[in-house]
Amino acid sequence: MSPWLLLGSLLTVEFAARLVLEIRERRLTQMRGGLFAVLRLIPLLNDIVPLPENRKDPAENEFVKKHEEGHANLRHGILRNLAKVALLLLAVWFFAFLLASHGMSLVESILWLHLAAIPFRTVFHLYCWHQEYEADRYAFDKLGKKVAKAAMRNLAESEIPYTKLFAVIYREHPTVAIRSQKILNKEVKAV
């Protein structure tokens with residue numbers, strides 16, 4: 001099988017998998033996908049088009065302040081940036097390897113890098129989710145269950161309710177349903 005045929009096949013599989021994921025998401029959430037849904041289907045564009053996470057900005061409250069304090073005290077910003085730098089260095093190495101060792105064209109190398117980045121991006125999202133859980137736990141320990149529950153309800157009203165699978169593929173933040181299950185042992189929904 002030629003490298004271009006393999007690459008084309010893998011990109012077709014990616015397109016089909018993203019299409020199935022979009023259809024599944026639309027059916028489960030009963031929400032329209034709009035222009036973002038189309039952009040998420042196109043290889044390379046889905047790497048740079050951000051997924052909107054909120055309908056509106058969540059209200060600033062004491063839980064959010066303690067959550068952000070938790071990020072600062074646990075050095076999450078530094079750790080997240082180190083992870084990004086490590087992944088960037090790995091991407092640069094892989095890109096140079098494809099260009100130099102395999103003599104691939106620039107376009108072919110970019111497309112292979114795009115495909116190779118998919119599992120790494122998902123692992124990075126899970127790492128970010130872990131940091132969010134730690135910051136939530138920090139705020140929960142400082143403020144208690146009642147404040148945490150009110151904050152989660154407020155966030156649920158602001159957030160676009162994605163499913164867990166969709167969120168892990170596209171978001172660096174877990175959904176309110178997942179976060180509230182982690183700290184409150186129950187799913188909090190918008191009123």
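Let me start with proline 52, which is found in the loop between H3 and H4, where helices are DSSP runs of H or I with at least four residues, strands are runs of E with at least two, and both are numbered from the N terminus. Before going further, I should say that this is a predicted model, in which local features need pLDDT of at least 70 and side-chain atom pairs count only at pLDDT 80 or more, while totals for chains, interfaces and linings use all residues. Residues are numbered from 1 along each chain as its sequence is written, and side-chain values use heavy atoms, with hydrogens and water left out.

Proline 52 counts as partly exposed because its relative accessibility is 27%; on this scale, buried means under 20% relative accessible area, exposed means over 50%, and partly exposed is what lies in between, with a 1.4 Å probe and protein chains only. If we leave aside residues up to four places away in sequence, proline 52 touches Phe36, Ile160 and Tyr162, a contact being heavy atoms within 4.5 Å. Proline 52 and arginine 26 are separated by 26 residues in sequence and by 15 Å in space, C-alpha to C-alpha.

Now the chain as a whole. The protein chain has nine helices and zero strands, and its C-alpha atoms fill a box of roughly 60 × 40 × 25 Å along the principal axes. Of its 191 residues, 36% are buried. Among contacts with a separation of 6 or more, 77% join residues that are 24 or more positions apart.

One buried residue to look at is glutamate 22, whose place is in helix H1, residues 3–29. With a relative accessible area of 4%, glutamate 22 counts as buried. What does glutamate 22 touch, not counting residues up to four places away in sequence? Its partners are Ala37, Arg40, Leu41, Phe166 and Tyr170.

Two of those partners come up again when we turn to side chains and rings. Arginine 40 lies over the face of tyrosine 170, at 5.5 Å from the ring centre; a charge is said to sit over a ring if NZ of Lys or CZ of Arg is within 6 Å of the ring centre and within 35 degrees of the ring normal. Lysine 182 is placed over the face of tyrosine 133 in that sense, at 4.9 Å from the ring centre. Tyr170 is also linked by ring pairs with Tyr162 and Phe166 into a cluster.

The structure holds three aromatic pairs, and here rings of Phe, Tyr and Trp (its six-membered ring) pair if their centres lie within 6.5 Å, with planes under 30 degrees apart called stacked, over 60 edge-to-face and the rest tilted. The pair of tryptophan 93 and phenylalanine 97 is stacked, because the ring centres are 5.4 Å apart and the planes meet at 15 degrees. Both residues lie in helix H5, four residues apart, which is about one turn of the helix. Tryptophan 93 counts as exposed at 52% relative accessibility, whereas phenylalanine 97 counts as partly exposed at 32%.

Near the end of my list is helix H9, residues 176–184, in which Val176, Ile178, Arg179, Ser180, Ile183 and Leu184 are buried. The cover over these buried residues includes H4, H6, H7 and H8. Just after H9, asparagine 185 takes a positive phi of about 60 degrees.

Finally, the pockets. On a 1 Å grid over the protein atoms alone, a pocket is an open set of points where a 1.4 Å probe fits, with protein on both sides within 12 Å along at least five of seven lines, and lining residues have an atom within 4 Å of a point. The largest pocket holds about 850 Å³ of space, a volume being the space filled by probe spheres set on the points, which are joined across faces, edges and corners. Its lining has 29 residues, and those closest to its centre are Asp47, Ala117, Phe120, Arg121 and Phe124. Which helix gives the most to this lining? H6 does, with nine residues.

The second largest pocket has a volume of about 380 Å³ and is lined by 21 residues, with Pro58, Val64, Glu68, Leu155 and Arg179 nearest its centre. Helix H4 (62–73), H6 and helix H7 (145–158) are the elements that give two or more residues to this lining, and H4 supplies the largest share, five residues. Arg179, then, is both one of the buried residues of H9 and one of those nearest the centre of the second largest pocket.
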